[in-house]
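Q: Please take a close look at one part of this model, describe how it is placed and what it meets, and then follow the connections outward with care. I would like each term to be given with its cut-offs where it comes up.

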Amino acid sequence: MEFSHTPVLLDEVLKLLDCHPGQVIVDGTVGGGGHAYEILKRTTPGGFLIGIDRDPNALEAAQKKLEEFEGCFKLVHANFANVKEVLKSLGIDAVDGMLLDLGVSSYQLEEKDRGFTYMQDAPLDMRMDPTQTFSAYNVVNEYSQQELERVIRDYGEERWAKRIAEFIVSSRPIETTGQLVDVIKRAIPAATRREGPHPAKRTFQAIRIEVNQELNLLPRAIESAVGVLKPGGRLCIISFHSLEDRIVKQMFRSLSNPCTCPPDSPICICGRRPLVKVLTSKPVTPTSSEVSENPRSRSAKARCCQKL
């Protein structure tokens with residue numbers, strides 16, 4: 001299957017990153033290379049792009065997409081939270097910009113055997129990095145009822161988390177996404193199932209986040225990204241649900257205003273100085289025309305900060 005992932009908020013991101021020739025940019029979630037291609041168009045000649053991804057299939061697709069820029073980019077199989085180590089291994093001290101697109105690609109959702117979607121029956125997997133051993137099967141079949149409830153409640157914001165956890169535990173072993181969907185449907189009252197999104201949507205999101213440690217790694221990734229930016233360098237992050245966006249917003253706020261002195265203190269004595277300036281007072285969202293062309297962009301929000 002062709003690796004396809006329509007780059008979301010493309011024009012907006014390019015404007016926020018302010019790309020120009022000669023810059024070194026990191027695309028921490030390179031995916032199929034959609035954003036990376038347009039970044040390279042603006043940073044060459046003289047520029048260089050480091051593309052990082054957890055998914056070897058994505059890196060293979062990005063290699064093909066970017067082949068006309070051969071010599072101007074390097075693709076690395078890694079987690080974006082380890083950007084400092086990646087750059088060190090390449091002999092790069094600092095970069096002019098970094099992009100993180102936190103979404104799951106269309107390819108990952110649509111490739112049946114990856115088990116990301118509740119729309120097709122497949123083995124319980126959901127690993128963004130297929131080389132890791134821990135998968136959705138482990139979460140569903142090995143977590144205690146209390147752990148499952150926590151994951152589904154905290155990461156899925158699912159009001160029926162307790163019932164779903166109970167039904168999962170009493171239905172084990174659960175081998176496939178189809179079996180899990182059936183269990184979730186039984187757990188949620190019929191009247192509720194008839195309203196709103198697919199009844200399994202929130203639980204699948206929660207399990208995917210747990211498998212890939214998406215939220216736990218994000219604060220460290222943001223700190224690491226800011227740490228490798230040159231003064232004036234920019235970090236742009238696209239998130240797709242409120243939990244991610246909340247973390248990005250809070251991290252940007254704390255990095256731009258790290259002072260821990262009491263509000264009524266006449267002078268700052270903690271000595272903590274701002275590291276960044278936030279460039280987006282409100283998140284940038286897609287235009288109505290982008291949403292109509294690519295419905296998956298509907299929930300996207302971009303935030304950007306600049307290293308001081």
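The answer below begins with one helix and then moves to other sites in the chain.

A: This is a predicted model, in which local features need pLDDT of at least 70 and side-chain atom pairs count only at pLDDT 80 or more, while totals for chains, interfaces and linings use all residues. Residues are numbered from 1 along each chain as its sequence is written, and side-chain values use heavy atoms, with hydrogens and water left out.

The part chosen is helix α2, which covers residues 34–43; helices (H or I, at least four residues) and strands (E, at least two) are taken as DSSP runs and numbered from the N terminus. Because eight of the 10 residues of α2 are buried, this helix is largely enclosed by the rest of the structure. Here buried means under 20% relative accessible area, exposed means over 50%, and partly exposed lies in between, with a 1.4 Å probe and protein chains only. The buried residues of α2 are Gly34, His35, Ala36, Tyr37, Glu38, Ile39 and Leu40, together with Thr43.

One neighbour of this helix is α1 (residues 10–17), whose axis comes within 11 Å of that of α2 and crosses it at roughly 45 degrees. The axes are lines fitted to C-alpha atoms, for helices over the stretch in contact, and the angles run from 0 to 180 degrees between N-to-C directions. The two helices are therefore oblique to each other, given that angles under 35 degrees count as roughly parallel, over 145 as roughly antiparallel, 65 to 115 as roughly perpendicular and the rest as oblique. The crossing of α1 past α2 is right-handed, a term used if the near helix is turned clockwise from the far one by less than a right angle, with anticlockwise giving left-handed. On the α1 side, Leu10, Val13, Leu14 and Leu17 meet His35, Glu38, Ile39 and Arg42 of α2, where contact means heavy atoms within 4.5 Å. By class, the contact of α1 with α2 has five nonpolar, one polar and two charged residues; Ala, Val, Leu, Ile, Met, Phe, Trp, Tyr, Cys and Pro count as nonpolar, Asp, Glu, Lys and Arg as charged, and the others, Gly among them, as polar. As background, an α-helix has 3.6 residues a turn, so residues three or four places apart point the same way.

The chain on either side of this pair of helices has backbone features of its own. In the loop between α1 and β1 (24–27) lies Asp18, a residue other than glycine whose phi is positive, near 55 degrees. With a relative accessible area of 39%, Asp18 is partly exposed. In the loop between α2 and β2 (48–53) lies Pro45, and the peptide bond leading to Pro45 from Thr44 is cis, with omega near 5 degrees. For context, most residues other than glycine have a negative phi, and most peptide bonds are trans.

Aromatic rings also link α2 to a distant part of the chain. The structure holds three aromatic pairs, where rings of Phe, Tyr and Trp (its six-membered ring) pair if their centres lie within 6.5 Å, and planes under 30 degrees apart count as stacked, over 60 as edge-to-face and the rest as tilted. In one of them, Tyr37 and Phe69 are edge-to-face, at 5.4 Å centre to centre with 70 degrees between the planes. Tyr37 belongs to helix α2, whereas Phe69 lies in the loop between α3 (56–65) and β3 (73–77), 32 residues apart in the chain. Both Tyr37 and Phe69 are buried.

A further edge-to-face pair, away from α2, is that of Tyr118 and Phe204, with 5.7 Å centre to centre and 85 degrees between the planes. Here Tyr118 sits in the loop between α5 (106–110) and α6 (136–142), and Phe204 sits in helix α11 (residues 201–212), 86 residues apart. Tyr118 counts as partly exposed at 22% relative accessibility, whereas Phe204 is buried at 2%.

Elsewhere, a second cis peptide bond runs from Arg172 to Pro173, with omega near 0 degrees, and Pro173 lies in the loop between α8 (161–171) and α9 (177–187). Glu157, which is not a glycine, has a positive phi of about 50 degrees and is found in the loop between α7 (145–156) and α8.
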